[in-house]
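Colleague: Please pick one part of this model and take me through it closely. I would like to know how it is put together and what lies around it, with a word on how far the model can be trusted.

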Amino acid sequence: VLLNTGVFCALVFSSPSAASPSFFSPFKGPLSGAAGGGFTYARSRVRMVLKTTLCRFSGLRIWPGRGMLFIRTDNQQYLFLNKKCKSLYHNRLRPAKLAWTTTYRCDRSAGSWS
């Protein structure tokens with residue numbers, strides 16, 4: 001249900017329970033069944049989910065609109081965070097020897113990496 005204010009509200013079925021707090025139903029009215037259950041409106045915000053990918057060299061997150069895509073001749077795709085990661089990959093440096101990459105930190109247990 002879309003109200004005139006532009007706030008999205010979902011229609012939620014509420015069962016008759018004395019343990020349910022009243023702040024879940026901000027709109028009290030003829031539909032908020034106090035005795036026998038009924039329908040109430042519950043406000044909910046619509047969140048936008050951003051899909052992030054991981055850099056193939058550093059292991060850091062790449063947000064939408066960022067990154068550089070490198071496609072090898074065998075059609076294998078490499079997505080790098082920036083030019084620094086791409087150039088280090090092409091210079092055949094190992095990410096496990098660079099202190100700022102996640103593989104270096106995982107190998108040395110610096111932080112809780114899984």
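Modeller: pLDDT is the predictor's confidence in each residue, on a scale from 0 to 100. This matters here, as the model is predicted. The protein chain averages a pLDDT of 77, and 58% of its residues score at least 70. Over residues 7–15 the pLDDT stays under 50, and in that stretch the model has 29 contacts beyond four places in sequence.

The part I have picked is the hairpin of strand 5 and strand 6. For its setting, the protein chain holds six strands and two helices, and along the sequence these run β-β-β-β-β-β-α-α. Buried residues account for 17% of the 114 residues. About 9,100 Å² of the protein chain is exposed, and carbon and sulfur atoms supply 56% of that area. Of the contacts between residues at least 6 apart in sequence, 32% join residues at least 24 apart.

Now the hairpin itself. Strand 5 covers residues 68–71, and its pairing with strand 6 is antiparallel, over four bridges. Two of the facing positions can be named. Leu69 stands opposite Leu79 of strand 6, and Phe70 has Tyr78 as its bridge partner in strand 6.

In a regular strand the side chains alternate between the two faces of the sheet. Strand 6, residues 77–80, can be read in that way: Tyr78 and Phe80 are on its covered face, while Gln77 and Leu79 are on its uncovered face. Thus Tyr78, the partner of Phe70, belongs to the covered face of strand 6. Leu79, which stands opposite Leu69, belongs to the uncovered face.

Between the two strands the hairpin has five residues, and Asn75 takes a positive phi near 65°. Side chains of opposite charge can pair when their charged atoms come close. Here the side chains of Arg72 and Asp74 meet in a salt bridge, at 3.1 Å from N to O. The limit for counting such a pair is 4 Å, and by this rule the count comes to one salt bridge. Asp74 is partly exposed, because its relative accessible area of 48% falls between the limits of 20% and 50%. Arg72 also counts as partly exposed, at 30% relative accessibility.

On the other side of strand 5 comes Gly67, in the loop between strand 4 (61–62) and strand 5. Gly67 is partly exposed, with a relative accessible area of 36%. Neighbours within four places in sequence aside, Gly67 is in contact with Ile62, Phe80 and Leu81. One of these, Phe80, is on the covered face of strand 6. Gly67 and Tyr78 are 11 residues apart in sequence, with 10.0 Å between their C-alpha atoms.

Outside the hairpin, one surface feature is worth a note. Met48, Leu50 and Trp63 form a nonpolar patch on the surface, with about 360 Å² of accessible area together. Met48 sits in the loop between strand 2 (38–43) and strand 3 (53–54). Met48 is exposed, because its relative accessible area of 71% is over the 50% limit.

Technical notes. Residues are numbered from 1 along each chain as its sequence is written. This is a predicted model: local features need pLDDT of at least 70, side-chain atom pairs count only at pLDDT 80 or more; totals for chains, interfaces and linings use all residues. Side-chain values use heavy atoms; hydrogens and water are left out. Buried means under 20% relative accessible area, exposed over 50%, partly exposed in between (1.4 Å probe, protein chains only). Two strands pair if DSSP finds at least two bridges between them. Patches are made of residues with over 30% relative accessible area and no salt bridge: like charges are joined within 9 Å, nonpolar side chains (Val, Leu, Ile, Met, Phe, Trp, Tyr) within 5 Å. Accessible areas come from the Shrake-Rupley method with a 1.4 Å probe; for residues, only the protein chains shown count as cover. Contact means heavy atoms within 4.5 Å.
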